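I'm opening a fresh page for this one. The plan is to look at the ligands, the metal site and a few charged pairs, and to jot things down as I go.

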Amino acid sequence: MGSMSNNQVGAAVEELQGRATELTDGFHLLMDALELNGIKNIYGLLGIPVTEVGRMWQARGNNFFSFRNEQNAGYAASVAGYLTKKPGVCLTVSAPGFLNGLTALSNATTNCFPMILISGSSEREIVDLQQGDYEEMDQLNIARPFCKASFRINRPEDIGVAVARAVRTAVSGRPGGVYLDIPARLFAQTFSAEEGRKSVFAPIDPAPAQIPAAEAVKRAVDLIKGAKKPLILLGKGAAYAQCDNDIKALIEETGIPFTPMSMAKGLVSDTHPQCGAAARSMVLQESDVVVLVGARLNWLLAHGKGKTWGNTLKKFVQIDIQANEMDSNVPIAAPLVGDIQSCVNALRAGLKGMTKPVEWLKAVSEKASASRAKLAIKLKTPTPAMNYFNSLGAIREVLQTHPNTMLVNEGANALDNARMIIDQYLPRHRVDTGTWGVMGVGMGSAVAAAVETGERVVAISGDSAFGFSGMEIETITRYNLPVTVIIMNNGGVYRGDEPSPKHQISCMQFNPNTRYDLLMQAVGGYGVRVTTPEELTKALEESLASGRPTLIDAIIDPAAGVESGRIGNLNVVSQIGKK
Ligand code: FYN
Ligand code: ADP
Ligand code: MG
């Protein structure tokens with residue numbers, strides 16, 4: 001290499017000095033780290049001390065989706081995590097904004113969805129002495145019981161490792177929520193750009209395969225081979241695992257009937273000949289060996305015991321990445337600890353050539369066909385005012401010809417009847433109230449479903465459920481998302497005809513003539529009220545064709561609906577004074 005001229009030396013020295021004094025700060029390091037981890041979309045609500053993060057994030061060409069309440073932004077982030085297997089990111093202000101986001105973070109952790117909640121916070125020296133800062137709160141410690149991990153970043157040089165740890169923690173093992181606490185001062189704290197570049201990184205293999213032990217596989221294979229009436233039960237963990245072909249192959253190679261939990265619907269099409277969803281009580285009561293694939297024996301499965309299970313203890317094979325999920329409710333005969341894809345393929349290998357339970361599948365199919373035929377009549381029966389059957393029957397017909405549509409569903413009767421009536425054909429195309437049964441997840445879920453998939457979204461909400469997050473229709477119209485909100489408007493919680501005491505309207509009733517369609521028009525969307533299945537069909541078809549943000553206010557008979565839908569048994573009623 002030839003010698004350098006004085007000018008060249010001077011320029012080189014200047015360049016080195018420039019690099020040596022080039023600075024970055026907490027704002028930029030946080031965004032560098034998130035981008036390095038493949039994050040493009042942040043869901044949140046800006047304000048002190050995080051406002052600038054939103055502006056700078058957008059200035060980089062990334063998306064910041066601003067909501068009207070942090071709880072809905074958090075629901076969106078958690079659903080983004082469920083759909084993409086990358087942590088959904090929610091950004092909030094401190095204290096009240098953090099608390100609103102924490103509800104969604106806790107729900108994400110309960111659902112096993114990967115999500116990171118980032119909140120600005122007060123300085124430690126003020127919080128720890130409780131000196132009364134603006135929106136002062138010990139967020140780090142308050143978050144800890146409600147998520148997988150809660151971290152605080154105190155120095156700019158730690159931002160890289162903190163984000164990497166948050167990503168790995170959110171997606172590894174049983175996915176869940178992570179809280180990242182950022183004291184306000186850190187954002188503007190400067191740091192050597194050169195050192196900063198070296199400090200940010202993406203974790204290697206953050207969600208590694210977890211291979212089941214050979215003897216565990218053999219134990220499970222022997223149990224299934226010895227079964228007379230085996231059942232495969234698919235949970236949302238199986239949907240999340242994104243090993244759809246492996247799961248379909250396990251079902252078809254073994255000839256075992258399957259039934260899906262609500263968000264696993266469509267993992268294998270509801271129209272598949274081995275689908276026992278329409279014979280749910282029969283398959284749960286009469287099966288002898290039950291293979292749980294990413295499904296917990298919690299309240300949704302009657303804790304694995306009692307009448308739901310024919311008052312007998314089943315032989316459960318349980319596939320789960322979380323070892324201590326085993327025996328959570330009842331003894332598990334064949335625990336299979338590992339990731340679903342590895343476990344399913346190990347079972348496939350061991351079950352190769354097994355005798356298919358042909359007679360049992362025939363009995364299940366016959367029961368399912370009979371149930372479907374019986375329901376089909378209700379779906380077509382006209383009534384003076386729409387009920388849940390003929391209204392959802394009309395929606396079902398339209399969605400049959402739009403199988404790619406993402407369905408979001410919440411409510412009580414609106415949830416339970418839609419889950420039964422509307423078939424799903426594709427994996428991860430139904431998002432609902434999840435493990436907790438949360439009201440208000442609808443609008444945030446609809447935003448994330450539209451943003452993360454690019455598909456049309458139909459969000460079917462009860463009118464009570466819609467009330468929890470209804471202001472987000474402005475968010476939906478602001479981003480011009482192809483979301484059709486269908487409100488099953490029966491004028492109240494559960495139903496709208498509860499008699500009122502003399503002094504006040506019934507605590508279970510809403511204003512009988514609430515015009516949700518006009519609300520949508522007020523925020524720039526297309527709103528329409530419908531009173532018949534034919535009008536509903538037309539409005540839905542037009543909204544799917546146009547892709548414009550639409551709200552269909554579907555008037556349902558106020559007498560339609562039962563207390564708490566299909567879980568009325570969970571209600572507690574005073575026996576005092578009862579005859
Ligand atoms: C299902 N079924 C069908 C079909 N699909 N019949 C005909 N055709 C089709 N396609 C039958 C099924 O066999 C059951 O009948 C019945 O319909 C209900 O099916 P479902 O919904 O799968 O089963 P079930 O018993 O309701 O499941 C229990 C549950 C579920 C707890 C998993 O109710 C649920 O996920 N609930 C969530 C409630 C919630 O979170 N609510 C939000 C808060 S509400 P049988 O076989 O005859 O039993 C606040 O108040
Ligand atoms: P559902 O409500 O549909 O029955 P649950 O949320 O109860 O489903 O259960 C999901 C289960 O799936 C959780 O116990 C979780 O640990 C497990 N899980 C999630 N992802 C995986 C995976 N990739 N491999 C194995 N288990 C998983
Ligand atoms: Mg209602």
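**Charged pairs**

I started with R124, which counts as buried at 14% relative accessibility. My cut-offs for that word: buried is under 20% relative accessible area, exposed is over 50%, and partly exposed is in between, with a 1.4 Å probe and protein chains only. Before going on, a note to self: this is a predicted model, local features need pLDDT of at least 70, side-chain atom pairs count only at pLDDT 80 or more, and totals for chains, interfaces and linings use all residues. Residues are numbered from 1 along each chain as its sequence is written, chains are lettered from A and ligands numbered from 1 in the order in which they are written, and side-chain values use heavy atoms, with hydrogens and water left out.

What does R124 pair with? I found a salt bridge to D128, with the closest N and O atoms 2.6 Å apart. By salt bridge I mean a side-chain nitrogen of Lys or Arg within 4 Å of a carboxyl oxygen of Asp or Glu. Side chains of opposite charge can pair when their charged atoms come close. Counting by this rule, I get 33 salt bridges.

Next I checked D222 and K218, a salt bridge whose closest N and O atoms are 2.5 Å apart. Both residues lie in helix α11 (residues 214–225), four residues apart, which is about one turn of the helix. For the element names, helices (H or I, at least four residues) and strands (E, at least two) are DSSP runs, numbered from the N terminus. K218 is exposed at 52% relative accessible area, while D222 is partly exposed at 42%.

Then I looked up D553 and R529, where the closest N and O atoms of the salt bridge are 3.1 Å apart. This pair links distant parts of the chain: D553 is in strand β19 (residues 550–555) and R529 in strand β18 (residues 526–530), 24 residues apart. D553 is buried, at 0% relative accessibility, and R529 is partly exposed, at 23%.

I also noted a network of salt bridges that links E22, E194 and R197.

**Ligand 1**

How many residues surround ligand 1? I count 23, and the closest are R280, S281, R419, Y494 and R566. A residue gets into such a shell if one of its heavy atoms lies within 4 Å of the molecule.

For polar contacts I take pairs of N or O atoms within 3.5 Å; within protein, one must be able to donate a hydrogen and the other to accept it, and residues adjacent in sequence count only if both atoms are side-chain atoms. R566 puts a polar side-chain atom 2.5 Å from an oxygen atom of ligand 1. Y494 does so at 2.8 Å, again to an oxygen atom of the ligand. From the backbone, a polar atom of A278 is 3.3 Å from a ligand 1 oxygen. Taken alone, ligand 1 exposes 990 Å², and the protein buries 82% of that. Accessible areas come from the Shrake-Rupley method with a 1.4 Å probe; for residues, only the protein chains shown count as cover.

Which elements give two or more residues to this shell? They are α14 (280–286), α16 (358–380) and α18 (413–421). The largest share, four residues, comes from α18.

**Ligand 2**

Around ligand 2 I find 20 residues, the closest being R174, K236, R296, D320 and I340. Helix α12 (residues 236–240) gives the most to the shell, with three residues. An N or O atom in the side chain of R296 is 2.7 Å from a ligand oxygen. A polar backbone atom of I321 sits 3.1 Å from a nitrogen atom of ligand 2. G294 has a backbone N or O atom 3.3 Å from an oxygen atom of the ligand. The protein covers 96% of the 590 Å² of accessible area that ligand 2 has on its own.

**Magnesium**

Which protein atoms hold ligand 3, the magnesium ion, as donors? I list D463 (OD), N490 (OD1) and G492 (O), lying 2.0 to 2.2 Å from the ion. Donors here are N, O and S atoms within 2.8 Å of the metal (3.2 Å for Na, K and Ca); water is not among the atoms, so sites may look incomplete. The spacing of the donor residues in sequence is D-x26-N-x1-G. Both N490 and G492 are buried.

**One last distance**

I looked up S106, which lies in helix α5 (residues 96–111) and is buried, with a relative accessible area of 9%. The C-alpha atoms of S106 and S281 are separated by 31 Å, with their positions 175 residues apart along the chain.
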